[in-house]
Amino acid sequence: EKADGDELLHASSKKFQRLYLVMMYMDFDWQIQLDRSAMATTKNPGLLAYLKKALTVNMSSRKKLAALLGMAP
């Protein structure tokens, strides 16, 4: 994290924006994996409903970030 932070602080404006988007993409990707893992192990209907909604939001956000980064779907 410190190295990422140092790189961001010293990056040009354009590079900063791209790095920030990449880090956000990675965060959403990680959250999607956690959502899926939790969904596979929970039996609590309320938690499962929440995780399904969270997964939908996180996947949508990751897709929007991918578009901003020019990544293929």
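Begin with helix 3 and display what surrounds its buried residues: helix 2 is part of that cover. The model is a predicted one, and the tour proceeds from helix 3 to helix 2, then to the contacts between them.

**Stop 1: helix 3**

Select residues 45–69, which make up helix 3. This helix has 25 residues, and the distance from its first C-alpha to its last is 36 Å, close to the 36 Å expected at 1.5 Å a residue. Next, colour the buried positions of helix 3: Leu 51, Ala 54, Leu 55, Asn 58, Arg 62, Leu 65, Ala 66 and Leu 69. Arg 62 and Asn 58 should be kept visible, since both return at later stops.

**Stop 2: the whole chain**

Zoom out to the full chain. The protein chain contains 3 helices and 0 strands, and along the sequence its pattern reads α-α-α. Of its 73 residues, 21% count as buried. With a surface representation switched on, the accessible surface comes to about 5700 Å², and carbon and sulfur atoms hold 62% of that surface. A contact map offers another view: among contacts with a separation of 6 or more, 48% are between residues 24 or more positions apart.

**Stop 3: helix 2**

Select residues 13–41, the range of helix 2. Its 29 residues should span 42 Å at 1.5 Å a residue, and the end C-alpha atoms are 43 Å apart, which agrees. Within helix 2, Leu 19, Tyr 25, Ile 32 and Asp 35 are buried.

Centre the view on Leu 19, a residue of helix 2. Its relative accessible area is 19%; the cut-off for buried is under 20%, so Leu 19 counts as buried. Add Glu 7 to the selection: the two residues are 12 apart in sequence, and their C-alpha atoms are 8.7 Å apart in space.

**Stop 4: the aromatic pair**

Show the side chains of Phe 16 and Tyr 20. Both belong to helix 2 and are 4 residues apart, about one turn of the helix. The count of aromatic pairs is 1. The ring centres of Phe 16 and Tyr 20 are 5.9 Å apart and the ring planes meet at 15°, so the pair is stacked. The cut-off behind that label is an angle under 30 degrees. Are these two residues buried, exposed or partly exposed? Phe 16 is partly exposed, with a relative accessible area of 35%, and Tyr 20 is likewise partly exposed, at 43%.

**Stop 5: the salt bridge**

Move along helix 2 to Asp 29 and display its side chain together with that of Arg 62. The count of salt bridges is 1. Asp 29 forms a salt bridge with Arg 62, and the closest N and O atoms of the pair are 2.6 Å apart. This pair links distant parts of the chain, with Asp 29 in helix 2 and Arg 62 in helix 3, 33 residues apart. A distance drawn between their C-alpha atoms should read 6.7 Å. The two partners fall into separate burial classes: Asp 29 is partly exposed, with a relative accessible area of 27%, whereas Arg 62 is among the buried residues of helix 3.

**Stop 6: Asp 35**

Continue along helix 2 to Asp 35. What is the nearest side chain of opposite charge, and how far away is it? That side chain is Arg 36, at 7.8 Å. A salt bridge requires a nitrogen and an oxygen within 4 Å, and Asp 35 is buried yet has no salt bridge.

Now select the neighbours of Asp 35. Leaving aside residues up to four places away in sequence, Asp 35 touches Leu 51, Ala 54, Leu 55 and Asn 58. These four names also appear among the buried residues of helix 3.

**Stop 7: Leu 48**

Finish at Leu 48, which is found in helix 3. Leu 48 is partly exposed, with a relative accessible area of 25%. Its C-alpha atom is 9.4 Å from that of Asp 35, and the two residues are 13 apart in sequence. Beyond residues up to four places away in sequence, Leu 48 touches Met 39 and Thr 42.

Conventions. Residues numbered from 1 in each chain as written. Predicted model: local features only at pLDDT ≥ 70, side-chain atom pairs only at ≥ 80, totals over all residues. Heavy atoms only, no water. Helix = DSSP H or I, 4+ residues; strand = E, 2+ residues; numbered from the N terminus. Buried < 20%, exposed > 50% of the residue type's maximum accessible area, 1.4 Å probe, protein only. Lys, Arg positive; Asp, Glu negative; His and termini not counted. Contact = heavy atoms within 4.5 Å. Areas by Shrake-Rupley, 256 points an atom, 1.4 Å probe, with all protein chains shown as cover. Phe/Tyr/Trp six-rings, centres within 6.5 Å; stacked < 30°, edge-to-face > 60°. Expected span 1.5 Å × (residues − 1).
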